[in-house]
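Q: Please take a close look at a single part of this structure, the metal site and what surrounds it in the fold. I would like one connected account that I can follow residue by residue.

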Amino acid sequence: MNPFFESYDTTFGTIPFNKIKNEHYIPAVTKGIEEAKAEVDALVNNADVPSFDNVIVALENSGETLTKVTSAFFNLNSAETSDEMQAIAQEISPLLTAHGNEVAMNAGLFAKVKAVFIGDQSNLTTEQKTLLEKSYKGFSRNGANLNETDKEKLKAIDSKKSKLSLTFGENVLKESNAFEMHLTDEADLDGLPEGVKEAAASEYKDKFGNKSIEESDDSSGNWIFTLDYPSYIPFMTYSTRRDLRQKMHRAFGSKGFQDNENNNEEVIQELVRLRAERAALLGYESHAHYVLEERMTKSPSIVFDFLDNIQEKALPFAKKEFEELSAYAKKLDGIEDLQKWDSGYYSEKLKKEKFAIDDELLRPYFQLEKVTDGVFTTAQKLFGITFHKRTDIDTYHTEVVTYEVKDENGKHLALFYADFFPRAGKRQGAWMTSFRSQKMIGDTDQRPHVSIVCNFTKPTETKPSLLTFNEVTTLFHEFGHALHGMLAKGTYSSLSGTSVFWDFVELPSQLMENWCYEKDCLDLFAKHYETGETIPADYIDKIKKSANFMAGMGTIRQVGLGKIDMGWHSIGHTERSLSHTEVTLSEVEVRRVNENDSKSARISTPLRMTSVKAFETKQLEGLDFYPEVKETMTSTSFSHIFQGGYSSGYYSYKWAEVLDADAFEAFLEKGIFDRETAKSFQENILSAGGTEHPSILYKRFRGREAKPDALLKRAGLV
Ligand SMILES: [Zn+2]
């Protein structure tokens with residue numbers, strides 16, 4: 001029997017992982033889609049007057065089997081995959097996409113949703129209004145209001161757009177793969193840590209095997225460095241060879257910007273044009289206006305003001321840091337002209353000199369079990385919740401541990417799964433997810449089943465799992481997301497827990513990280529795994545200070561990337577000049593047309609460079625301290641915004657930091673374990689999920705809008 005076809009008869013209704021076999025997924029997805037379709041048909045064919053209940057709630061509750069199978073499948077495909085699972089994913093993904101498109105294009109369904117949306121909303125609660133708007137926008141933002149001709153136009157734009165994004169990514173990948181730096185003399189490896197050398201040697205072996213290594217001389221060998229981060233970053237950080245750093249930097253920065261078939265300049269211009277055209281078709285001033293409609297920031301002008309404000313405050317500090325770094329490089333190696341390829345190297349050296357602290361020194365104080373207890377105790381002190389280990393809950397792997405979470409009255413609140421260690425079959429990184437989200441089913445509150453998945457340092461035969469400080473903050477971070485899920489108290493699962501606007505979702509997670517830097521919190525759990533000694537106060541001081549090292553330059557770098565992103569995407573589909581960019585799309589287009597006039601112009605590059613590169617340079621005006629490197633730029637390999645989903649969203653990294661620092665300041669004002677402040681954060685943010693606009697929720701918690709002051713103070717930029 002297919003377990004997805006029955007209700008789960010496990011304790012707490014958890015997923016019966018041990019009963020699920022790979023052959024269950026495809027039949028369950030197929031049946032789930034059929035059921036969802038039948039439910040939507042019934043809703044559309046309902047002869048009653050369209051109402052919030054018979055349209056919006058009915059739609060919200062449709063597809064139960066589909067939700068059941070997909071929330072099990074995709075979670076496992078990330079945490080415990082196999083070739084077979086991946087093959088199943090290849091098969092079910094197109095089915096799900098087709099089903100999603102069919103629902104989005106269902107004119108009868110949209111007519112009903114629209115009837116409710118433009119109807120009388122006065123008897124709806126705030127949460128219901130939010131759900132209604134979200135449902136309506138889900139259709140309208142995808143063209144449901146357009147006439148047939150424009151719908152066809154939109155379809156054509158979308159298909160071109162997704163092809164171009166793919167091309168962009170493929171070009172970046174091809175450029176990355178086309179470069180390798182093959183070193184054969186050990187002297188060229190000067191400064192690199194042993195681990196980095198070993199990785200470079202095995203990179204060579206992976207590529208060529210052992211065959212061409214000639215061990216004639218002790219100092220010769222074969223090492224390959226690539227533009228992949230794990231190879232590139234350590235090289236740029238530790239290599240004493242300035243010439244080789246320069247070579248690597250140039251290769252890295254010229255991805256998609258060389259005269260070859262992988263050039264991304266035209267791809268960018270066309271993608272930007274299509275995004276602007278799409279936005280205009282849907283009635284928005286620009287792509288950024290379209291995206292930000294569903295963000296906390298609401299409009300491009302707010303984002304630009306935000307970036308300008310941070311820039312103004314951080315710039316004097318960044319300048320000072322740059323001068324300090326230049327002076328340091330001069331003193332150390334007589335460098336007269338500090339270049340971009342020197343930045344990582346001298347920063348690392350200066351940091352070491354100023355704060356002699358490293359991972360190996362800290363690890364003994366961060367035993368995983370103790371850190372986990374510390375997180376739980378912190379949550380108990382703040383929200384009164386407690387964690388109780390369970391051994392009777394089905395998991396997908398023996399390493400997964402489970403807890404029942406209870407509220408301050410001892411009432412069941414949630415289930416918490418933790419999957420800490422790397423395995424073959426688990427993807428990189430760390431994330432929070434849920435197997436079941438919170439919602440109301442009639443009068444019954446369905447409590448959530450939340451999970452965090454990490455890739456932490458494993459225990460060895462002689463040592464328990466001892467975390468780096470970065471892993472400690474990662475645990476607190478993911479736990480913050482988990483709290484958002486576990487403390488959810490909504491009616492509808494699409495507005496529950498972490499289902500909030502993109503630039504608001506990192507607030508709970510980043511907020512939790514703040515406790516890792518506080519002595520009162522570290523004293524709870526940061527105890528030496530052998531001696532039990534509490535972490536020395538001067539270590540904490542050094543952790544804090546080193547976290548702020550070069551904060552000004554880091555901030556300016558982030559502002560710059562945010563501006564490049566906003567610059568490209570606030571271009572409107574008209575000839576109107578934009579106050580912030582002063583370069584219009586028509587200008588970009590004219591240049592492009594000129595290039596097409598003659599093939600030779602395409603090859604002689606200056607004309608082409610003046611468009612994409614000049615546009616980027618304009619956005620970065622006053623933000624770049626290093627001498628310009630003319631053969632490199634960011635845009636042509638800025639995959640976040642041209643391949644992934646971050647277009648008009650890069651600012652949200654800094655935005656989330658502003659929110660978390662500002663929110664944490666509320667705790668600092670009253671004490672980091674202040675119950676009242678925590679209660680307000682719980683009620684107004686964590687439990688509220690996406691039920692209301694985030695700026696309203698935030699104001700309710702903080703009594704005012706977020707200000708960047710706390711972030712600047714925390715980063716030492718005041
Ligand atoms: Zn996060």
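A: This account rests on a predicted model, and it begins with the metal. The zinc ion is coordinated by NE2 of His477, NE2 of His481 and two OE atoms of Glu506, at 2.1 to 2.8 Å. The angles among these four donor atoms run from 51 to 140°, and the site is irregular. A tetrahedral label would need all angles to lie between 85 and 135 degrees, so the range of 51 to 140° does not meet it. Along the sequence, the donor residues follow the spacing H-x3-H-x24-E. His481 belongs to helix 17 (residues 469-486), whereas Glu506 sits in the loop between helix 17 and helix 18 (507-513), and this pair links distant parts of the chain that are 25 residues apart. The two also differ in how they are covered: His481 counts as buried at 8% relative accessibility, while Glu506 is partly exposed, with a relative accessible area of 26%.

Helix 17 also carries an aromatic residue, Phe479, that can be followed outward from the metal site. Phe479 counts as buried, because its relative accessibility is 1% and the limit for that label is under 20%. In the whole structure a search finds 50 aromatic pairs, and among them is that of Phe376 and Phe479, whose ring centres are 6.0 Å apart and whose planes meet at 50°, so the pair is tilted. Phe376 comes from helix 16 (residues 368-383), and its pairing with Phe479 in helix 17 links parts of the chain that are 103 residues apart. At 10% relative accessibility, Phe376 counts as buried as well.

Phe479 has a further partner in Phe387, with ring centres 5.6 Å apart and planes at 45°, so this pair is also tilted. Here the partner lies in strand 3 (residues 386-390), and the pair therefore ties helix 17 to a part of the chain that is 92 residues away in sequence. Both Phe387 and Phe479 are buried. Elsewhere among the aromatic residues, Phe366, Phe469, Phe476, Tyr517 and Phe525 form one cluster, and two of its members, Phe469 and Phe476, have numbers that fall within the range given for helix 17 (residues 469-486).

Beyond the helices, strand 9 (residues 449-453) offers another view of the interior. Five of the five residues of strand 9 are buried, so this strand is largely enclosed by the rest of the structure. In a regular strand the side chains alternate between the two faces of the sheet. In strand 9, His449, Ser451 and Val453 point one way, Val450 and Ile452 point the other way, and all are buried. Strand 9 has partners that run in opposite senses: strand 5 (residues 412-419) is parallel to strand 9 and joined to it by five bridges, while strand 6 (residues 431-436) pairs with strand 9 in the antiparallel sense, over five bridges. Within these pairings, Leu415 stands opposite His449, and Ser434 stands opposite Val450.

A charged side chain also meets a ring at Trp431, where Arg427 lies over the face of the ring, at 3.9 Å from its centre.

How values were computed:
Residues are numbered from 1 along each chain as its sequence is written. This is a predicted model: local features need pLDDT of at least 70, side-chain atom pairs count only at pLDDT 80 or more; totals for chains, interfaces and linings use all residues. Side-chain values use heavy atoms; hydrogens and water are left out. Donors are N, O and S atoms within 2.8 Å of the metal (3.2 Å for Na, K and Ca); water is not among the atoms, so sites may look incomplete. Four donors count as tetrahedral if all angles lie between 85 and 135 degrees; four count as square planar and six as octahedral if opposite donors are over 155 degrees apart and all others between 65 and 115; anything else is irregular. Helices (H or I, at least four residues) and strands (E, at least two) are DSSP runs, numbered from the N terminus. Buried means under 20% relative accessible area, exposed over 50%, partly exposed in between (1.4 Å probe, protein chains only). Rings of Phe, Tyr and Trp (its six-membered ring) pair if their centres lie within 6.5 Å; planes under 30 degrees apart count as stacked, over 60 as edge-to-face and the rest as tilted. A charge sits over a ring if NZ of Lys or CZ of Arg is within 6 Å of the ring centre and within 35 degrees of the ring normal. Two strands pair if DSSP finds at least two bridges between them.
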